[in-house]
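Let's take a walk through this model together, starting from a few side chains and working outward to the sheet and its helices. Please have the structure open as you read.

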Amino acid sequence: MSLAAKTALITGASSGIGRACAFRFARDGARLILAGRNRAALEKTAAETGAVAIVEADLTMPGDLARFCDRVLEAAPVLDILVHNAGVGIYAPSFATDAEKAKSLMALNLLAPVEITRRLLPSIPAGGSVVAISSIAGKVALPGMAVYCASKHALNAYADILRMESRQRGIHVLSVCPGYVKTPFIGNMLQGETDRHPERRGRFGITAEQCAEAIRQGILGRKRTVVVPRIGWLLVAAERLFPAMTHKLMTRHLLGDGTR
């Protein structure tokens with residue numbers, strides 16, 4: 001199976017997971033529409049993957065979303081795959097997150113996928129896929145990343161409900177929950193830094209290319225949820241079964257609260 005001749009819109013395609021998805025989908029012969037804020041990076045990725053169109057847009061601006069969707073539909077009236085990849089993070093205590101930065105994060109991580117889906121879902125035929133790139137932070141609570149976790153938990157809930165509501169139309173909805181991926185994401189935080197224990201993150205880190213392959217397999221297998229690397233499911237299960245113990249360990253690991 002492959003994605004040959006499928007038309008795919010990938011947001012956040014300038015770098016990281018989005019760029020890796022563009023290359024992986026292109027190897028299957030997909031027709032790509034790439035979206036992002038960095039036009040130069042989009043043009044480079046488009047030239048290297050043979051994308052049929054690029055759409056430069058700031059998805060945090062509500063007024064831009066309608067124009068963005070109109071431009072997508074001009075390039076592809078029928079859309080087989082919609083990948084909501086654009087996202088940003090904040091590393092700050094729950095009680096010290098800048099209000100405007102929190103609004104910007106929610107606008108990009110949650111509200112943009114909701115509005116883009118609303119506008120583009122009618123163009124997705126039966127058999128098509130909507131892919132929400134969430135995070136392991138959308139499954140477990142990570143201290144120091146309260147607003148980011150909230151956005152990804154909400155995105156997962158939205159995807160679950162969209163899946164139920166779109167079932168009769170034959171539209172597949174996939175949630176992808178990566179752990180630590182080696183991308184520029186950490187360096188692009190809206191607030192704060194996450195350099196604590198970088199060597200521990202690296203133990204289970206994956207490349208953007210590995211994540212893109214997991215996304216491709218999730219689309220082809222019409223899976224509900226992909227956690228990558230798979231060992232992340234152990235953390236998800238631990239929080240469900242032993243929440244107090246898991247939260248204590250996560251606090252030690254991520255915040256170094258002196259309880260070692």
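In this predicted model, C149 has a relative accessibility of 6%, so this residue counts as buried. Does that leave C149 with or without a disulfide partner? Its closest cysteine sulfur belongs to C177 and lies 11 Å away, too far for a bond. C177 is in no disulfide either: for this residue the nearest cysteine sulfur is that of C211, at 10.0 Å. With a relative accessibility of 0%, C177 counts as buried. The structure as a whole holds zero disulfides.

Now step back to the sheet. This is an open sheet of seven strands, paired in parallel, and reading across you meet them in the order β3-β2-β1-β4-β5-β6-β9. Which strands stand at the edges? They are β3 (53-56) and β9 (225-228); each has a single partner strand, so one side of each is left without a neighbour in the sheet. On average, neighbouring strands are turned by 15° against each other, direction ignored.

Let's look at β4 in this sheet. Three bridges join β4 to strand β1 (residues 7-10), and the two run parallel; here A8 stands opposite I81. With β5 the pairing is again in the parallel sense, over four bridges, and V83 of β4 stands opposite V131 of β5. What about the faces of β4? In a regular strand the side chains alternate between the two faces of the sheet. In β4, I81 and V83 lie on one side and L82 and H84 on the other, and all of these are buried, leaving both faces covered.

Moving on to the β9 edge, strand β6 (residues 172-178) runs parallel to β9 and is joined to β9 by four bridges. One pair to find on screen is P178 with its bridge partner V228 in β9. Helix α5 (residues 146-166) packs on the sheet, where it touches β5 (129-133) and β6, and its direction makes about 160° with that of β6. Helix α7 (residues 208-220) lies across β4 (81-84), β5, β6 and β9, and runs at about 155° to β6.

Beyond β9 comes a loop that leads to α8 (232-241), and I231 lies in it. Is I231 buried or partly exposed? Its relative accessibility is 40%, so I231 counts as partly exposed. Ten residues along the chain from I231 is L241, and the C-alpha atoms of the two are separated by 16 Å.

Finally, turn to helix α2 (residues 39-49), where A41, L42, T45, A46 and T49 are buried. Why do these five residues share a side of α2? They cover an arc of only 135° around the axis, which puts them on the same side of the helix. The spacing follows a familiar rule: an α-helix has 3.6 residues a turn, so residues three or four places apart point the same way. The buried residues of α2 pack against α1 (16-27), β2 (31-36) and β3, whereas A40 and A47, on the other side of α2, are exposed.

The ends of α2 deserve a glance too. N38 caps the N-terminal end, with a side-chain oxygen 3.2 Å from the backbone nitrogen of A40. Just after the helix, G50 takes a positive phi of about 75°.

Notes:
Residues are numbered from 1 along each chain as its sequence is written. This is a predicted model: local features need pLDDT of at least 70, side-chain atom pairs count only at pLDDT 80 or more; totals for chains, interfaces and linings use all residues. Side-chain values use heavy atoms; hydrogens and water are left out. Two strands pair if DSSP finds at least two bridges between them. Axes are lines fitted to C-alpha atoms, for helices over the stretch in contact, and angles run from 0 to 180 degrees between N-to-C directions. Contact means heavy atoms within 4.5 Å. Buried means under 20% relative accessible area, exposed over 50%, partly exposed in between (1.4 Å probe, protein chains only). The arc is that of the directions from the helix axis to the C-beta atoms. A polar contact is a pair of N or O atoms within 3.5 Å; within protein, one must be able to donate a hydrogen and the other to accept it, and residues adjacent in sequence count only if both atoms are side-chain atoms. A disulfide is a pair of cysteine sulfur atoms within 2.5 Å.
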